[in-house]
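This report covers cysteines, backbone outliers and one helix pair. Please keep the model open while reading.

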Amino acid sequence: MDRVSFRTQVLTRHLNNHHSTSTDLLHPATCLSYSPPELWEQPPDYDTKSLRKLLDRDSMEEIDYMFNLMIQSNLFCRRERGGKVFILPDFNQSMEQQREMTMRRIGYLREQGVFDGWLTRKGPDAELSGFTRANSCGVFDHSFGIKLGVHFFLWGGAIQFMGTKRHHDKWLKPTETYEVIGCFAMTELGHGSNVRGIETVTRYDASTGEFIINTPCESAQKYWIGGAANHATHAVVFSQLEIDGANQGVHAFIAQIRDKDGNMCQNVRIADCGHKIGLNGVDNGRIWFDNVRIPRENLLNSVADVSPEGQYLSAIKDPLQRFAAFMAPLTSGRVTIAASSMNTTKKGLATAVRYSLSRRAFSMKPNEPEVLLLDYPSHQRRLLPLIAKTYALSFASEYLKTIYVKRTPESIKTVHVVSSALKATLTWHSMRTLQDCREACGGQGLKTENHVGQLKSEYDVQLTFEGDNNVLMQQVSKALFMEFLAAKKRGKPIKGLGLEHLNKPSPIIPSNLTSSNLRTTQFQTDIFCLRERDLLHRFVTEVSQRQAQGESKEHIFTVTYQIAEDLGRAFSDRLVLQTFLDVEATVPAGSLKNVLALMRSMYTTIVMEEDLSFLRYGYLSTGNAAVVRKEVMRLCSELRPHALPLVSSFGIPDALLGPVGFDWIDANAWSSV
C-alpha cells in the first residue's frame, strides 16, 4: 500500500470515529479555579501599615491621594479584568496619541490643584512633596512621571537653583500654571556625560545687551530633549560662554523656542527624535539654534554674570570649581530616578509574587494537587532575595531624598556622591528585578496589561539617563580617592561619606562562617567595611604608583576602571546596609523587628553571594562562599511565609498592578474578550 492510500485510511477511520472499545484512558481534569492567596496564606503577626510607614514615611497620605486621583478618572484608561478595576496606559496608541494623553493627564492634575506651590513653596517639606507627586504619577506611567520631572525638576529646578530673584519672580509661577512649558537642553548629539565638552556656543553682544546662541555644527544639536518635539515653549540651554574671545566654560540660558500658539521661534529649528523602545508619551526632540538672540537677563546667574558692558563677573575664579558649583544643584534628576526605580521594582515584584501565590504547576506525587510556584525553592530563590533587596534599597532611597532636601553648601559633595552611587545601584536592581519578574510570570509576563514586560522597555533608559551607571560609579571612586588623600594630607582622621570606619583597625572575618554569625550585624558590618576599605587602599595604591611613573591622572582613572567600579559598588552596598540598620534601630523589639532582621540578613547574604569581589579579593574563602550560598536558601524558606504581607506593604494599589496578580483565570475568560 502506498503512503497516500495509507494516510487516507487512517484519516477515514479517525473521521468515522472508529476507535477501540476499551476503556478510554483520557480522563477530563477538574477545571482550575482562582483562589485569592489571602484565604490561605498565614496572616502576619506584625502591622503591615507600620511596615509601609518605614518605606513611605510621612508621604503615605499624599501618595494615596495621588493614586486615588488617577484611579477615579477615565483619563487613566480604567478597565475591568477578573472583577477588578485596573488602570494602565494604552500602549496600542500611536506615539502622537500617547503624547497627547500625557498632556491631557497633566491638565487634569493641574485642574485638581496638584501643582499649586510646587516651585513657589519653600523648604524641605515642599521639595519632598514634589518628589512624591512626580513619582506617584510615574507608578502609573513612566512617561507621565518623566514629563512632570522635566518640567518641574529640570526646567523649574534650574531656574530655582541656578537663577536668582529676577528669574524666580518671572518664571516660577507661570511654570506651575503651565503658562510656560519648559525643557532642559543640555545633552547634545556629540556629548552626553561629558557636559564640559558640549559644543553649543553663546556670545555676548554689548551693543544690544543680548546673548547670541549658536549651534556651530551637527554634533552640537541638542538631543533627547524631553518636551522639545511638541510641547515646550522655553528651554534652559547649556552652552559654552565666550566673552571677548575667551571661553568662560559652560553656562545656562533661558531661550524661548515656541510662541503661545506652538509655532517655532525665529532661528530655532526643532525635529523629533522619533519612536523609542519606551517612553513614547514623552516628546523627545532635537534643537538647533541659528544665532538666536536672548536678553542679557536670561543668563542664569547664581554663580556668574555678565555686566551690560560685557564684563564677566564671578566670585569663583577657578574654572573647574566654578563648573562644579554651577552643576551642584542638578542632582535632583538622579534623586528622582533613584526613587522612581524603587516604585517600578515594587510594582513588578507585587505582581509577580501575587501570581506565584495562586498559580500552580506540577505535582510532587500522583493524584496530589499541583504545587504553588512560590513553594518551589527555585522560585523562592528567584523572587524572595529581590524583595529583601528592594526593602534595603528603598530605605536608602528615602535617606537620599532626606539629605537632598536638607542639603547645605557643606553637604553638597556628600549629596553628589551618594546620589551618584544610589542612582546606579537602584536602577541596576530595578532592571534586573523586572527581568526576573517577567520570567517568573511566564507567558503572562509578556502581556502589556500585566506590566512587568512593558516596564522593562519603559525603564531601560534609567541606566544611562542622568549619567551612565558605570561612569557614575567611577565618579564615586574618584571622590573617595580625593577624600582619602585630603585626610592624609591634613594628618587628621577621615570624616564624612560614612568613611569613619577607616580610622579603626581593620575588621577580622571568622575563618569558618556559620548561619548564626552570618546573621549578626557585627559580621555584616565588618565584611562590608573590610571590602570597602581594602578596595579603597588598592585603588589609592595603584593610582599613586602610576602617578609616580609619570602617567597623567586622566589616563590613570581611565585604565583603573575595573577596581574603581568595584569600589563604587562597595561604597554603595555599605551605605545601603547602614541606612537599613538606622531604620531597624527605630523599631521596638517584636515581630516587625524580627522580619526586618531577616530581610537585612538576606540583603547582606545575597550581596556576598552575587558580587564576585568577595571571592576575587579574598574577603570570602571558597568554603565560606559555599556557606553563604546555603544560607541564601535557608533564608528563602524563612521569608516564604512573609512574601504576601511584604509585597502588600509596598503600598501599590491593586488597580496599578497587573491583572495576572489576581484572578488571572477570569481576566482571560471568553467573557473578557
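Is C217 buried or exposed, or partly exposed? C217 is partly exposed, with a relative accessible area of 29%. The model is a predicted one.

**Cysteines**

The disulfide count is zero. A pair of cysteine sulfurs would have to lie within 2.5 Å to qualify. For C217, the closest cysteine sulfur belongs to C273 and is 17 Å away, so a bond is ruled out by distance. C636 gives a similar reading: its closest cysteine sulfur, in C437, is 14 Å off, too far for a bond. C636 is buried, at 0% relative accessibility.

**Positive phi**

Most residues other than glycine have a negative phi. Two residues in loops depart from this.

| Residue | Phi | Loop | Relative accessibility |
|---|---|---|---|
| E466 | near 60 degrees | between α12 (452–459) and α13 (469–490) | 22%, partly exposed |
| L497 | about 60 degrees | between α13 and α14 (515–518) | 10%, buried |

**Helix packing**

How do α10 and α18 lie relative to each other, and what angle do they make? Helix α10 spans residues 377–405 and helix α18 residues 591–610. Their axes are 8 Å apart and cross at about 105 degrees. That angle falls between 65 and 115 degrees, so the two helices are roughly perpendicular. On α10 the contact uses R381, P385, A388, K389, Y391, A392 and F395. On α18 it uses L596, M599, M602, Y603, I606, V607, E609 and E610. Eleven of these contact residues are nonpolar and four are charged, with no polar ones.

Note on methods
Residues numbered from 1 in each chain as written. Predicted model: local features only at pLDDT ≥ 70, side-chain atom pairs only at ≥ 80, totals over all residues. Heavy atoms only, no water. Axes fitted to C-alpha atoms, helices over the stretch in contact; angles between N-to-C directions. Helix = DSSP H or I, 4+ residues; strand = E, 2+ residues; numbered from the N terminus. Parallel < 35°, antiparallel > 145°, perpendicular 65-115°, else oblique. Contact = heavy atoms within 4.5 Å. Nonpolar A, V, L, I, M, F, W, Y, C, P; charged D, E, K, R; others polar. Buried < 20%, exposed > 50% of the residue type's maximum accessible area, 1.4 Å probe, protein only.
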